[in-house]
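Let's take a walk through this structure together, one piece at a time. Have a look at it first, and then we'll start with a single pair of residues.

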Amino acid sequence: MRAQIALLGFYHETNSFAATRTTFADFQAYQYAEGGDVIERYRGTGTELGGMIAAADAADIELLPILFAAAVPSGLITAEAFELLMAKLTAGLAATASLDGVLAVLHGAAVADGAPDADGAMLAALRQTVGADRPIVATTDFHANISKAMVETADVIVGYDTYPHVDMAARGAEAVGCLRRLLDGEHLHSAYRKLPLVTVPPCQSTDDDPMSGLLAAMHDLEHEPGVVTMTTAMGFAYADVPDLGAAVLAYGTDQAAVDRAADAMTETIWRTRKEFTPALTPPDGIADLIGKHAPAPLVLVDPADNLGGGSAGDGTVILEALLKAGAEGAVVVLADAEAAAAAAAVGVGGRFRGEVGAKADRLHGTPVMIDGRVTFAAPARFRHSGSYMTGFVTDMGLCAVIETDDGETDNGETGKGEAGGVRIVLTTLRTMPFDIEQLRAVGIEPADQRIIVVKSAIAWRAAYGAIAARSILIDCPGVCPANLARLDYKSRPRPLFPLEPDAVRRKDAPSS
């Protein structure tokens, strides 16, 4: 008889410093599916769920979909939202007549009001519901702040190996493989090591060193006898919680082997800790970067207003610098529902004059007055065509594009990016810049731009990495700064490198 496995998920990357709060409606607005809709929506997508669904048949597993809920990264999850989601998930599990195990899609950096380790609390609730004898295998994000409670509650945790996160489906399939081993009676021992280390997303690209070399070392260790799978989670620096920091996990058939692998990986990471230092350009240096004959597209990266890190996505520091410098062929996306509606009311071809941006807070700049022609005004959505969440459909809500002027190139022809000035894309829904179709959905061809501003850290590469002539990391203010000294932590562990440069790694981390 095929194994009956519950399929479910609770997914949120919580920024403790963000002004907004995350409600149940935010989960419903982004990714929310119950019952059979989970299979229908995620089958064939490049997501953990898509990978699990694809791998289930070969593993002789029948999936019993319960619920999947994800919200765009943002501020603290309200207690009401978290309790409601936990109640729905546990009720769905309890109502399942026959159940052999659980596949859970988690993030690992979720924080709720009253639950600083929301993922650990969710796993505990799932475990209490299904009992101790049914295996739970979970997937987590590369930026998970993996806690001891999570490791002790789940039988296996499988984390992403890539950033940008292009291996979600593969990790979902790997989770199914681990679950199959457990169902067949195999015991997988675990080793868990926590490091006193916090790093920022702009330095964590797995395509570049130091992460590229670190992941290669981890994959070598995975091939050691007695080791089945390993995870290196670099943590999420913007969740101010006691479990903040990088962690290593190893699972295998031999406890001594997984301990050796985890220790070796931890030592390797610790030796590279000083290499996680970003090179930053101040906003007032932008004018020197954007000459007419500079290689294009130039990607200006605003990590402090990183939508994928929980920021509002309406910061104006780079926009203001571009306007001041008289930039040509530039495009900036702002999440500003109020301005989008006002521009749409003007209509395509009309003139918009008003303030845009900085509506959520004043941590990322102040509202900027613009005067330009509306070139697009309509609801917009797109299907991901790139390597991140391939096939998934993202809704941006009502959108508008405002062109600040009609500049031309030196020879009188339309300049690269069609307009010589700055185009501001206004979205109603916060939309992460992780796929090239985002700009195409509002009539802009990314490859034709001189300058593309991304409110991201590294994941933008999944969208524009193949076309970017160069990229510059800008030292902007905000809730996701590349300079962690800007943040006023209250609950993080101490010491923590680099905030305490003399931090020492303890060698008595727990294993199980």
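Find Val 331 and look across to β16: its bridge partner there is Ile 452. The model you're looking at is predicted, so keep that in mind as we go. Strand β11 covers residues 330-335 and strand β16 covers residues 451-454; the two run parallel and are joined by two bridges. In general, strands of a sheet pair through backbone hydrogen bonds, either parallel or antiparallel.

Now zoom out to the sheet around that pair. It is an open sheet of eight strands, and reading across you meet β12-β13-β14-β15-β11-β16-β10-β17, with mixed pairing. At the edges stand β12 (351-356) and β17 (470-473); each has a single partner strand, so one side of each has no neighbour in the sheet. From one strand to the next, the twist averages 35 degrees.

Next up is the largest pocket, with a volume of about 700 Å³. It is lined by 34 residues, and the closest to its centre are Asp 26, Ala 29, Val 72, Leu 429 and Arg 430. Two strands of the sheet turn up again here: β13 (368-383) and β14 (393-403), along with α1 (24-30), each give two or more residues to the lining. Sorted by class, that lining has 15 nonpolar, eleven polar and eight charged residues.

Finally, turn to a pair of helices. Helix α4 (residues 79-94) and helix α5 (residues 118-130) have axes that come within 9 Å and cross at roughly 25 degrees. An angle under 35 degrees counts as roughly parallel, and α4 and α5 are therefore roughly parallel to each other. The crossing of α4 past α5 is right-handed.

Conventions: Residues are numbered from 1 along each chain as its sequence is written. This is a predicted model: local features need pLDDT of at least 70, side-chain atom pairs count only at pLDDT 80 or more; totals for chains, interfaces and linings use all residues. Side-chain values use heavy atoms; hydrogens and water are left out. Two strands pair if DSSP finds at least two bridges between them. Helices (H or I, at least four residues) and strands (E, at least two) are DSSP runs, numbered from the N terminus. Axes are lines fitted to C-alpha atoms, for helices over the stretch in contact, and angles run from 0 to 180 degrees between N-to-C directions. On a 1 Å grid over the protein atoms alone, a cavity is a set of points where a 1.4 Å probe fits but cannot get out, and a pocket is an open set with protein on both sides within 12 Å along at least five of seven lines; lining residues have an atom within 4 Å of a point. Grid points are joined across faces, edges and corners, and a volume is the space filled by probe spheres set on the points. Ala, Val, Leu, Ile, Met, Phe, Trp, Tyr, Cys and Pro count as nonpolar, Asp, Glu, Lys and Arg as charged, and the others, Gly among them, as polar. Angles under 35 degrees count as roughly parallel, over 145 as roughly antiparallel, 65 to 115 as roughly perpendicular and the rest as oblique. A crossing is left-handed if the near helix is turned anticlockwise from the far one by less than a right angle, and right-handed if clockwise.
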